[in-house]
Amino acid sequence: IGYKAFCGCIGIVSATLPDTVTTISGSAFSGCTKLSNFDYPMSWSTAGSGIFNGCSKLTNITVPEGVTAIPASAFEDANYLKSISLPSTLETVGTRVFDSCSQLRCAILPTSVNTIGNYAFSDCPQLRYVMTLGLSCAIGTNAFSNSPKMFLYCNWVSDATLCAIKNNIPFQVLSDENVDYS
């Protein structure tokens with residue numbers, strides 16, 4: 001899907017891409033304010049930034065297995081995004097990926113995530129919790145800023161715990177049976 005291919009197409013309500021699509025370029029669906037359903041192709045592996053920027057009716061996202069990175073601003077300003085399902089292959093949550101997602105409630109980051117970009121979950125007033133299951137994860141500046149209801153669930157000996165302490169973010173340590181010390 002090319003750069004800005006459907007940008008500003010306010011009549012698009014639903015989109016289903018064939019499994020042969022592997023790349024969604026920057027701003028491909030940005031400004032599609034009525035887009036409420038998007039079925040990702042299972043082969044999706046490369047994406048540009050700002051893909052769904054301003055898609056105010058998009059409520060649920062499932063990122064398919066095989067995707068290793070969600071690029072900068074991919075879901076920024078997706079005002080109605082309430083839930084996300086992330087693959088076990090995910091390694092990088094880019095800068096401002098979920099910034100200003102005013103209805104986003106929670107995020108569970110798999111153990112494979114090793115980078116959370118700057119402002120990744122900032123300005124999410126309804127965000128209740130982020131659960132980080134890994135131990136080593138570079139967490140960017142203000143990754144969780146201005147998300148006042150957020151609680152961080154993390155392993156005791158982890159970068160997420162240090163981030164929570166340093167930034168005065170309420171946190172809860174996961175029980176030992178959930179801790180991966182490998």
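This report describes the overall dimensions of one predicted chain and then one of its sheets.

## Basis

The model is predicted: local features need pLDDT of at least 70, side-chain atom pairs count only at pLDDT 80 or more, and totals for chains, interfaces and linings use all residues. Residues are numbered from 1 along each chain as its sequence is written, and side-chain values use heavy atoms, with hydrogens and water left out.

## Whole chain

The chain holds one helix and 14 strands. Both are DSSP runs numbered from the N terminus: helices are H or I with at least four residues, strands are E with at least two.

The C-alpha trace spans about 45 × 30 × 25 Å along its principal axes. The radius of gyration is 16 Å, which agrees with the value near 16 Å for a compact globule of 182 residues. That radius is taken over C-alpha atoms, and the globule rule is 2.2 Å times the number of residues to the power 0.38.

Of the 182 residues, 43% are buried (under 20% relative accessible area; exposed is over 50%, partly exposed in between; 1.4 Å probe, protein chains only). Accessible surface totals about 8,200 Å², with 52% on carbon and sulfur atoms; the method is Shrake-Rupley with a 1.4 Å probe. Take the contacts between residues at least 6 apart in sequence: 22% join residues at least 24 apart. Contact means heavy atoms within 4.5 Å.

## The parallel sheet

Four strands form an open sheet in the order β9-β11-β13-β14, with parallel pairing. Two strands pair if DSSP finds at least two bridges between them. The edges are β9 (106-109) and β14 (171-173), each paired on one side only. On average, neighbouring strands are turned by 15° against each other, direction ignored.

β9 meets β11 (residues 129-132) through four bridges. One bridge partner set is Ala107 with Val130 of β11. Three bridges link β11 and β13, where Tyr129 partners Phe151 of β13. Three bridges also join β13 to β14, and there Tyr153 has Gln172 of β14 as its partner.

## Helix and crossover

The path runs from β13 through α1 to β14, a right-handed β-α-β crossover. Right-handed means that, with the strands pointing away from the viewer, the path from the first strand over the helix to the second runs clockwise.

Helix α1 (residues 159-166) packs on the sheet and touches β11, β13 (151-154) and β14. Its direction makes about 150° with that of β13. Axes are lines fitted to C-alpha atoms, for helices over the stretch in contact; angles run from 0 to 180 degrees between N-to-C directions.

β13 has two faces: Leu152 and Cys154 on the covered one, Phe151 and Tyr153 on the uncovered one.
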